[in-house]
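Subject: Structure handover

Hello,

Here is the structure for your files. My notes on what was found in it follow below.

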Amino acid sequence: MMGRLVERAQLFYEFSLERHMPAEHLLRRLDAALDLSWLRAELAPFYSAIGRPSIDPELMIRMLLVGYCYGVRSERRLCDEVHLNLGYRWFCRLGLDGAVPDHSTFSKARHGRFREAEVFRRVFERVVGACMGVGLVGGEGFAIDASVIEADASYAQRVEGPTLPPERADPASATRPVREYLAALDVAAARVAGAVDGMDGQDQPERLAAEPAPAKSLSLTDPAAAWTSKGARKASFAYAVNYLVDLKRAIIVDTQASPARWTEEVATTALMIERTRERFGLQPSRLAADSAYGSGRLVGWLMARGIEPHVPLLDRVTQTKGVLTRAAFTFDRERDVYICPAGHELATSGHVAAAGFRQYRAKPTACGPCALKPRCTSGVARLIGRNVHEDEREHVRQIAGTPAFKRSTRERRKVEMLFAHLKRNLGLRRLRLRGPTGAGDEFLLAATAQNLRRLARSLAAPPPASATAPA
Ligand code: SF4
């Protein structure tokens, strides 16, 4: 006989959230992995000692982490979900009757105390510290990469050219993302002025890539986002999420938002490696990256710090158009000259161009009558550029086929898998928050959620002893 559900109204219920949470539920494992006991003490200086009590910051952090773990990034929707979902209520310590805060509370806290206290970065770093505590971080090999995430800026708000209209650039009436953009321009101008004035650069962040060319178009709503077709089906304004990942168990040890431009992505490498060393005392012995990071400047910077660059070089040896490549010339290190196939010297004045190249020039009197000239140069005399870090680049060429280099190339895919998980499972394809700090907040929360899931899984099923033993 077919049964029928009969709704029975009871006057009293005895209900325990704790009893109804399955023992193996992801939220239970996340809760066991997450320690926020330090949060109130660190945030205390940012709250007044008197007045009406605020919403508990731990509740907001727990709600945001639930949202990023389950792909609910809209704060309005998150409040509805937490209100209705018993599992979310349990994780947020709300009980059955606890009031869910209004969604506007999150934006107020984000732009106020949370930003002043850098609370999202503190939470991220505590989770990385917990991963280190259980042996998920080896510290021996890191990988770096970036992925494009569309900004919350529409095509309709696009203006041609590298500058904002004056009425939009007035700091008195500008929106927060525009003020952030103007402040970043001031910092960049100060850096250039410092270089011109002969500052030694010790108080300036080191750039591992050239200054980007002026933007061809800007967004009026989020001018710091870059107009790009990279990684997207159609051109759009976008930021890059940069991940520095420990290769042992793919734990993200640092993340940074940058405009989605190649030069900006490479320039974040120094910032993230230095920050990881300062915060966690971690410095890898090798760094795996794709060829976008294969510039001489970055290779030289890494080797100066004892980090082996397992990075394919940016070499244009195949783009020769039938012309004799530099490989046909022999470098005489002692005399600091190149010897051409016809036996003539190419000497240098020692001047280093802005791109980091020293030029070596043949004598016009040697090239003029030379039989090889049609294959060598279309100019008066052959010119060769030598990267100031050519010795380091040569070292990378020598190690390119070694087993360690090949292993790094394989392991580098762990970063790509994290980006795939970020977009497919956590739904982070388009940003909700604007400006570099908004993008940074979203990337920190997403990276925290990814690390936390990995930590929770590891605590539930500890890796075998051989996996945690030092290599
Ligand atoms: S063209 Fe000049 S640099 Fe080239 S092979 Fe002849 S002499 Fe040497």
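The model is predicted. The protein chain has an average pLDDT of 87, and 91% of the residues score at least 70. Two stretches stay under 50. In residues 195–205 pLDDT is under 50, and the model has six contacts there beyond four places in sequence. In residues 467–471 pLDDT is also under 50, with three contacts beyond four places in sequence. Where pLDDT is low, the predicted coordinates should not be read in detail.

The protein chain is divided into three parts: domain 1 (17–117), domain 2 (138–313 + 400–447) and domain 3 (326–391). Taken over C-alpha atoms, the centres of domain 1 and domain 3 are 64 Å apart.

The ligand is surrounded by Cys-340, Ala-342, His-344, Ala-366, Cys-367, Cys-370, Leu-372, Lys-373, Cys-376 and Arg-382. Two elements, helix H13 (364–367) and helix H14 (373–376), give two or more residues each to this shell. By class, the shell holds seven nonpolar residues, one polar and two charged.

One residue of the shell, Arg-382, deserves its own paragraph. Arg-382 sits in the loop between H14 and strand S13 (383–387). With a relative accessible area of 11%, which is under the 20% cut-off, Arg-382 counts as buried. Its side chain reaches the backbone oxygen of Cys-376 at 3.1 Å. Leaving out residues up to four places away in sequence, Arg-382 touches, among others, Val-323, Phe-329, Leu-346, Tyr-360, Cys-367 and Cys-376. Of these, Cys-367 and Cys-376 are also among the residues around the ligand.

Regards

Definitions and conventions
Residues are numbered from 1 along each chain as its sequence is written. This is a predicted model: local features need pLDDT of at least 70, side-chain atom pairs count only at pLDDT 80 or more; totals for chains, interfaces and linings use all residues. Side-chain values use heavy atoms; hydrogens and water are left out. A residue is near a molecule or strand if one of its heavy atoms lies within 4 Å of it. Helices (H or I, at least four residues) and strands (E, at least two) are DSSP runs, numbered from the N terminus. Ala, Val, Leu, Ile, Met, Phe, Trp, Tyr, Cys and Pro count as nonpolar, Asp, Glu, Lys and Arg as charged, and the others, Gly among them, as polar. pLDDT is the predictor's confidence in each residue, from 0 to 100. Contact means heavy atoms within 4.5 Å. Domain bounds come from an automatic or database domain assignment. Buried means under 20% relative accessible area, exposed over 50%, partly exposed in between (1.4 Å probe, protein chains only). A polar contact is a pair of N or O atoms within 3.5 Å; within protein, one must be able to donate a hydrogen and the other to accept it, and residues adjacent in sequence count only if both atoms are side-chain atoms.
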